[in-house]
Amino acid sequence: MSTAPPNPSRPSAARLLPRMPDWASRNFTLLTSAAFITSLGSHGALIAAAFAVLEHGGDAGDVGLVAAARTVPLILFLLIGGAVADRLPRHRVMVAANLLNCLSQAAFAVLVLAGSPLLWQMMLLAALGGTGQAFFSPAAEGMLLATVDRKHASKGFAVFRLTMNGATIGGAALGGAMVAVIGPGWVLAVDAAAFAVSAGLRALLDLSDMPRRAQGGSLLADLRDGWREALARPWFWSIVAQFSVVVAVVGAAESVYGPLVARDHLGGPAPWGFALAAFGVGTVVGAVIMMRWQPRRLLLAGTLSVFTLALPSAALAVPLPALGLAGVMFVSGVAIELFGVAWITTMHQEIPEEKFSRMSAYDWLGSIGMVPLATALAGPAESAFGRSNALWGGVVLIVLVTTAVLFVPEVRTMTRRPPEAEDADGKAEAEPEPVPVPGVDTVSGPGAGAVVAAATSVPAPAAEPGSDAPDAEGTARRDG
């Protein structure tokens, strides 16, 4: 995979962050800056959305329905989003997604501030956000690591996560405090503004030095090809299946049970925001560890860390006091970062660049496929079995599926390839035969952050520096 060379002259917008490492390109700095701002707003908005439902007469079931409303369209459109991101300029898709997220969160804020949001309205706006993320996430993961060379791939992702999770700490803590002081509506408004700024930063990406991707067949053919690629890798589909359970359990605990436990036992939204901030501190520590530690058996190290993701559900089931819960969230934050960096490094090593967004989409789809069901059933499960028993059931599920994954040979034995081998592979992949495109040079595109895009109706007019309908971009991979 070829990359844009480091550029010391970064725009003033990129100076929102501390000085980046020497290997960090201008594009990497812009993407990291945008993610910092988005994460700062979004983690406060997660708390705000839950308490907006509760403050306007909702119960556990209503909180779960709003969370599920966001995830259902995310599941429905993820595969299409991944295929689109492998065909169109990824940064255009990202920008359009950020703008959609900005508009949906702004409308949500207006409804809450007006004082009479209806459940169906909150669900609709949450669904718009999920639709945007379905297009944004595969495009973003196909973009980030294209901005650093293979030798620095692990460090690049760790630095990106370190920066973004630093924002998570402030966003969660500040969001919880702001919800308590000024109410959830204003927190949602801040999140909308953050998405607008992020869209502007991603629009500044320069793709002139990135290689054009050859145009493939139909969208359906691309989806079938991605499916074959996924099935051909037992390590891939087994871990994706594992995370379909893990993410569902964690999602129900954090979206539904966490706010309820905070309201009933911890004193309100501020302690829950503090616990989420502790999780963010843990992710920062995990990223720092992975900048220095490069485990030889990537998937084994990452999978073993997943066991600790059962701890937050156990802490809420007891429930632990605020400080104890924060400590557990810190440990799980470290663990998810260890897994996330190991996973992205494995994906970057094993998946062809031109198929990366499709594979990322299948990864996302499998990982979140059960979240709507879990969040929608969280309220009924609480009524049927009791909140504590429902949470303990989640703990057992995480332990069982993580143990099962360890029986897959590749998960235990796959090793990190040395940088020399990565460089050799990169050269082989980065020199495809050029594809002639009559009358078109490049068409740049908007990029965007966490919520999707109507990036489909970008015509293929004459040249504009950036990319082509076949497109000009590289690839990267997600987190957890």
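User: Let's fix terms: buried means under 20% relative accessible area, exposed means over 50%, and partly exposed is in between (1.4 Å probe, protein chains only). Is Ala67 buried or exposed?

Analyst: Ala67 is buried, since its relative accessible area is 18%. Bear in mind that this is a predicted model, where local features need pLDDT of at least 70 and side-chain atom pairs count only at pLDDT 80 or more, while totals for chains, interfaces and linings use all residues. Residues are numbered from 1 along each chain as its sequence is written, and side-chain values use heavy atoms, with hydrogens and water left out.

User: Which helix is Ala67 in, and what does Ala67 touch?

Analyst: Ala67 sits in helix α2, residues 60-85; helices here are DSSP runs of H or I with at least four residues, strands are E runs of at least two, and both are numbered from the N terminus. Not counting residues up to four places away in sequence, Ala67 touches Ser255 and Thr375, where contact means heavy atoms within 4.5 Å. Ala67 and Ala376 are 7.8 Å apart C-alpha to C-alpha, with their positions 309 residues apart in sequence.

User: Okay, zoom out. How many helices and strands are in the chain?

Analyst: The chain has 17 helices and zero strands. It has 480 residues, and 59% of them count as buried. Among contacts between residues at least 6 apart in sequence, 88% join residues at least 24 apart. The chain exposes about 18000 Å², with carbon and sulfur atoms supplying 68% of it; those areas come from Shrake-Rupley with a 1.4 Å probe, and for residues only the protein chains shown count as cover.

User: What about the largest nonpolar core?

Analyst: That one has 45 residues, and those with the most contacts inside it are Phe108, Leu188, Val256, Trp272, Leu316 and Leu325. A nonpolar core is a set of buried Ala, Val, Leu, Ile, Met, Phe, Trp, Tyr and Cys residues joined through side-chain atoms within 4.5 Å. Leaving aside its neighbours within four places in sequence, Phe108 is in contact with Ala49, Met122, Leu125 and Leu188. A second, separate core of 37 residues includes Trp235, Leu338, Phe339 and Val405.

User: And which residues make the nonpolar surface patch?

Analyst: Val281, Val285, Ile289, Trp293, Leu311, Phe330 and Val331 make a patch of about 510 Å². Patch residues have over 30% relative accessible area and no salt bridge; nonpolar side chains (Val, Leu, Ile, Met, Phe, Trp, Tyr) are joined within 5 Å, like charges within 9 Å. Both α9 (269-292) and α12 (322-350) supply at least two residues each, with α9 giving the largest share, three residues. Leu311 lies in helix α11, residues 311-317, and is partly exposed because its relative accessible area is 37%.

User: Where is Pro319, and is its peptide bond from Val318 cis or trans?

Analyst: Pro319 is in the loop between α11 and α12. The bond from Val318 to Pro319 is cis, with omega near -15°. Most peptide bonds are trans.

User: Switching to rings: how many aromatic pairs?

Analyst: The count is six aromatic pairs. Rings of Phe, Tyr and Trp (its six-membered ring) pair if their centres lie within 6.5 Å; planes under 30 degrees apart are stacked, over 60 edge-to-face, and the rest tilted. Phe243 and Phe339 have ring centres 4.5 Å apart and planes at 20°, so that pair is stacked. Phe243 lies in helix α8 (residues 234-266) and Phe339 in helix α12, so the pair ties together parts 96 residues apart in sequence. Both Phe243 and Phe339 are buried, and they form one aromatic cluster with Trp235, Phe236 and Trp343.

User: Last one, how many salt bridges?

Analyst: Four salt bridges, each a side-chain nitrogen of Lys or Arg within 4 Å of a carboxyl oxygen of Asp or Glu. Glu229 pairs with Arg233, with the closest N and O atoms 2.5 Å apart.

User: What does Asp264 meet in Arg387?

Analyst: Their side chains meet in a salt bridge at 2.9 Å, N to O. This pair links distant parts of the chain, with Asp264 in helix α8 and Arg387 in helix α15 (residues 387-405), 123 residues apart. Asp264 counts as partly exposed at 39% relative accessibility, whereas Arg387 is buried at 17%. Asp264 also has a salt bridge with Arg263, at 3.0 Å N to O. Arg263, Asp264, Glu382 and Arg387 are linked in a network of salt bridges.
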